[in-house]
Amino acid sequence: MLSVEKFRVGERVVWIGVIFSGRVWGIAFAFDRSALMKRMHILAEHLRKRGVSISLDVQPSDYPEKVFKVLTGEIDNVDFLPELSFEGVTPFEKKVYEWLTKNVKRGSVITYGSLAKVLNTSPRAVGGAMKRNPYPIVVPCHRVVASDGIGYYSSGIEEKKFLLEIEGVKEWTS
């Protein structure tokens, strides 16, 4: 199922979409509905390629509101982890996502290299896991930055800067 809602953060409109069935299978967000729907279809295709059988039939749920509360800091990222299905996620990706969510708190960042060192892997492997993260906002891949700048973000650099600014991270957004 798919649930989509629009929220306001300051002057900005943020659309949040959640694919779910019992638990959350995927999350996307965008600054307009058409971009969100495009991302939801890309996410759905990614999950299907990994063997997850999903439906994009629209059904109301409280998941978008909960993700919004994670976005605004009302719910801590780690408190939302039990809601995630981790279906279609490799064991390596799950390890990266859980470590990141539990250890890199709101308002802070970690470099790809530092995260790789902690997990005994390569920065490139960490970057690949971040690129494939089906749970943005909740699994805070936006908090992973390059040693020489903000780094990449699959939803776009504007979106990454937005998320970091909401969390009070100024160093990487100016």
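**Exercise 1. Find the partner of arginine 12, then place the pair among the salt bridges.**

Task: Which side chain meets arginine 12 in a salt bridge, and at what N to O distance?

Solution.
Step 1. Arginine 12 pairs with glutamate 158, with 2.6 Å from N to O. A salt bridge here is a side-chain nitrogen of Lys or Arg within 4 Å of a carboxyl oxygen of Asp or Glu.
Step 2. Keep the ground rules in view: this is a predicted model, where local features need pLDDT of at least 70 and side-chain atom pairs count only at pLDDT 80 or more, while totals for chains, interfaces and linings use all residues. Residues are numbered from 1 along each chain as its sequence is written, and side-chain values use heavy atoms, with hydrogens and water left out.
Step 3. In general, side chains of opposite charge can pair when their charged atoms come close.
Step 4. The structure holds ten salt bridges.

**Exercise 2. Follow three salt bridges along the chain.**

Task: Where do the partners of the bridge between glutamate 159 and arginine 39 lie? Then do the same for arginine 50 with glutamate 93, and for glutamate 83 with lysine 66.

Solution.
Step 1. Glutamate 159 and arginine 39 meet at 3.2 Å, N to O. Because glutamate 159 sits in helix α7 (residues 157-166) and arginine 39 in helix α1 (residues 33-49), the pair ties together parts that are 120 residues apart in sequence. Helices are DSSP runs of H or I with at least four residues, strands are runs of E with at least two, and both are numbered from the N terminus.
Step 2. Glutamate 159 is buried, at a relative accessible area of 8%. Buried means under 20% relative accessible area, exposed means over 50%, and partly exposed lies in between (1.4 Å probe, protein chains only).
Step 3. Arginine 50 and glutamate 93 meet at 2.5 Å, N to O. This pair links distant parts of the chain, 43 residues apart: arginine 50 is in the loop between α1 and α2 (63-72), and glutamate 93 is in helix α4 (residues 91-103).
Step 4. Arginine 50 is partly exposed at 29% relative accessibility, whereas glutamate 93 is buried at 1%. A network of salt bridges links Arg50, Glu93 and Arg132.
Step 5. For glutamate 83 and lysine 66, the closest N and O atoms are 3.4 Å apart. Glutamate 83 lies in the loop between α3 (77-80) and α4, and lysine 66 in helix α2, so parts 17 residues apart in sequence are tied together. Glutamate 83, at 22% relative accessibility, is partly exposed, and lysine 66, at 23%, is partly exposed too.

**Exercise 3. Trace the strands around β2.**

Task: How many bridges pair β2 with β1, and how many join β2 to β3?

Solution.
Step 1. β1 (residues 2-9) pairs with β2 in the antiparallel sense over eight bridges; two strands pair if DSSP finds at least two bridges between them. Valine 4 stands opposite glycine 17 of β2.
Step 2. The hairpin of β1 and β2 has two residues between the strands, and glycine 10 in the turn has a positive phi of about 60°.
Step 3. On to β3 (residues 23-30): seven bridges join this strand to β2, again antiparallel. Here valine 18 is opposite isoleucine 27.
Step 4. The hairpin of β2 and β3 has one residue between its strands, with glycine 22 in the turn at a positive phi of about 85°.
Step 5. Is β2 (residues 12-21) mostly covered or uncovered? Mostly covered, as seven of its ten residues are buried.

**Exercise 4. Describe the interface of the two domains.**

Task: What is the area buried between domain 1 and domain 2, and which three residues of domain 1 supply the most of its share?

Solution.
Step 1. The chain is divided into domain 1 (2-72) and domain 2 (89-167), with bounds from an automatic or database domain assignment. Their centres, taken over C-alpha atoms, are 19 Å apart.
Step 2. The contact (heavy atoms within 4.5 Å) takes 19 residues from domain 1 and 17 residues from domain 2.
Step 3. The buried area is about 1600 Å², and carbon and sulfur atoms give 67% of it. This is the accessible area (1.4 Å probe) that two parts lose on being put together, summed over both.
Step 4. Phe29, Arg50 and Leu71 supply 36% of the area that domain 1 buries against domain 2, more than any other three residues.
Step 5. Three salt bridges are counted between the domains. On the side of domain 1 that touches domain 2, β2, β3, α1 and α2 each supply at least two residues, and β3 gives the largest share, six residues.
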